[in-house]
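Q: Can you walk me through this one? I'd like to start with how the terms are set.

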Amino acid sequence: MRKSFFVVIMPIIVSVFVYLWQQNTSVRLAYKVSTLQADYDKINAENDFLRLKINSMLALEKMHKIAQGKNLERPDEKSIVCID
Amino acid sequence: MKINNKNMIDRKTLLVLVVLSVFFVLFVKLVYVQIFLHEKINHVVEKMVNREDLEIPKRGDITDAKGKILATSIKKCTIFLDPKAIEDFNEVKEVLFENGIKIFQKNLTDLGNTSYVPVAFSVDVDIVDKIKDKKLKGIGFKNKYTRYYPEGRLLSHILGITDNEGKGLEGIEKIYNEFLSGNSIITKMHRDGRGRIIQNKIVDQSKICGQNVELSIDRTIQFIAEQELRTAFEKYKAKKAICIVQNPKTGCILAMVSLPDFDSSVKIKNVGALRNSAISDIFEPGSTFKIVTVAAALEKGKVKLSDVFYLENGKLKIAGHTIKDDHKIEGSVSLGKAMELSSNIGMVKIAQRLGNEDFYEYIRKFGFYSLTGIDLPGEARGLLMDVKKWNALTLPNIAFGQGIGVNALQMINAFSAIANDGVLKKPFVVNKIEKLDTVTETFQSKETKIRTVVSVETAQIIKKLLKNVVDSGTGKRAKIKGYTVGGKTGTAQKVDPSLKTYSTKYYVASFCGMVPAMNPEFVVLVIIDEPMGASYYSSSVAAPVFANIAQKIAKYLDIEKDDVNQI
């Protein structure tokens with residue numbers, strides 16, 4: 001009687017346990033993925049923002065105005081020394 | 001004892017009956033809820049748990065030929081308040097104020113009976129995070145991409161503008177909107193008991209976001225052209241100014257400037273400034289058009305380089321009108337000299353040998369009165385009377401570039417055809433379109449040959465003539481250090497709209513030239529519309545601008561010096 005109980009009931013209990021564990025894990029992983037996705041989006045947005053900032057800082061018109069403000073002049077061709 | 005037992009049974013029965021009735025009530029309620037209310041409850045739960053969101057993807061970037069970003073989209077936030085959900089209005093105000101957002105309403109009721117009160121727009125993501133960290137109820141956030149142009153005014157006409165929803169309205173933003181905008185999708189999400197969002201589908205952003213567009217334009221060349229042109233534009237208090245730089249071998253546009261311009265990032269007040277004069281405005285080209293007359297006559301064999309023309313002492317009467325030369329030339333001169341000195345009378349005589357039909361054919365062959373097909377919106381076709389309707393003055397006028405309307409791009413493209421040994425190429429500004437963060441190319445521009453306009457021999461002769469114009473003719477001020485230059489000046493009279501005749505006050509000064517003269521690497525066209533000042537002649541207005549631009553570009557492109565006298 002006891003043996004047959006284990007033979008019938010135990011697989012059912014194990015199956016239910018596995019099913020519940022799988023459900024639980026999938027929900028946990030979904031949360032993790034959701035969080036990671038949000039982090040990824042945030043880093044991406046930050047990256048875009050920084051790229052814009054770099055490009056704005058290196059904008060030729062801006063650099064030209066700064067150079068003019070500091071009275072910098074284009075060097076004469078002969079005074080440029082190229083170092084390999 | 002019996003009585004006691006009976007009482008006990010009654011009590012037990014009563015208790016059972018009470019319990020059973022409770023269960024019965026519960027059962028009835030359950031049946032009511034499950035069977036009669038299930039639709040209503042389902043709807044409420046669906047509304048609470050499920051959420052649909054329209055995902056507007058990041059618009060693709062526009063870069064120059066070297067990958068420098070010219071237009072990009074950044075995620076910004078709109079912060080709004082939901083007065084119905086706010087628990088502590090003062091705390092909400094305080095937190096927002098700490099982050100630079102001021103709420104002017106004193107009481108919660110002042111916000112009105114709505115669930116959406118926007119209080120700040122285009123807020124940076126890091127500020128939004130700081131506010132979110134406070135976990136206050138009643139503050140909502142809505143993400144939106146905002147378009148930025150880090151180079152400011154540079155290339156404004158080419159890049160164009162977008163509307164508030166991110167749709168392209170002008171320039172590349174308009175023409176390539178389909179590629180840049182990407183695919184909007186609706187994402188379905190679930191919320192758990194705590195209101196946290198669980199997505200049921202992971203959206204691959206790289207698949208839905210817009211594609212990057214790489215231009216053929218080099219921002220350094222564009223900057224050089226823009227700086228020099230702006231200086232001249234301000235100096236001569238001109239109405240408009242245009243500069244185009246083109247690679248004649250491929251047809252690709254390296255720079256295109258139209259002044260006045262605008263800053264795409266700032267709200268545009270003057271809508272007229274949006275007009276890209278380089279392709280949308282037509283003008284009478286003047287003497288720069290003489291290359292078409294000479295090239296056509298040479299190609300058709302109607303004239304030879306050694307032919308001599310009598311220049312009528314600077315005045316030629318045709319059909320009751322007098323055609324004059326700006327610089328009086330006495331006696332007869334060769335074809336080359338007529339070109340060097342930009343003789344109108346010489347050109348009339350050359351065109352007369354050619355005849356109406358052949359001249360018209362070559363005008364069209366060079367691409368005039370046809371769209372060039374450039375990938376920019378608003379190109380004008382130009383103006384040219386049907387050859388059958390030409391009168392006695394039409395041919396002589398067109399011979400020296402009056403009586404015909406062209407756009408700047410058509411003009412430089414015709415010069416490029418000569419520079420490219422007679423082969424006319426289709427101009428283009430987009431090199432390729434590719435997916436963001438991937439190397440998948442959707443589209444790659446290929447140089448397109450339109451037609452062979454003149455033979456290599458004719459093109460070589462014209463290049464030699466253009467070189468002479470700069471060496472010893474009207475274009476001396478277009479000379480640059482270390483390089484040979486070929487080019488042609490053009491000073492065209494404008495039609496006075498009130499007098500309906502050619503004005504003696506308003507001119508268009510232009511210069512189109514190529515460097516190096518015999519094997520050109522680039523062609524530059526400079527047009528100054530209505531220059532004010534001591535001189536309006538192209539030789540003193542447009543040619544020096546060309547020289548400044550060409551000198552810097554030649555150095556930037558590291559083109560091998562070819563002028564042995566000046567190296």
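A: Sure. Helices (H or I, at least four residues) and strands (E, at least two) are DSSP runs, numbered from the N terminus. This is a predicted model, where local features need pLDDT of at least 70, side-chain atom pairs count only at pLDDT 80 or more, and totals for chains, interfaces and linings use all residues. Residues are numbered from 1 along each chain as its sequence is written, while chains are lettered from A and ligands numbered from 1 in the order in which they are written.

Q: OK, what phi does Gly355(B) take, just after helix 13 of chain B?

A: A positive one, about 90 degrees.

Q: And is helix 13 itself covered or open?

A: Mostly covered: 9 of its 11 residues (344-354) are buried, meaning 20 or more other C-beta atoms lie within 10 Å of a residue's own, with 12 or fewer for exposed, partly exposed in between, and C-beta atoms placed from the backbone. Among the buried ones are Asn344(B), Met347(B) and Leu354(B).

Q: Switching to Asp129(B), why does it count as exposed?

A: Because Asp129(B) has 12 C-beta neighbours inside 10 Å. It sits in helix 4 of chain B, residues 125-133.

Q: How far is Asp129(B) from Asn344(B)?

A: Their C-alpha atoms are 71 Å apart, with the two positions 215 residues apart along the chain.

Q: What about chain A, how many helices and strands?

A: 2 helices and 0 strands. Chain A is more spread out than a compact globule, because its radius of gyration is 33 Å, well over the 12 Å that the globule rule gives for 84 residues. That radius is taken over C-alpha atoms, and the rule is 2.2 Å times the number of residues to the power 0.38.

Q: How much of chain A is buried?

A: 4% of its 84 residues.
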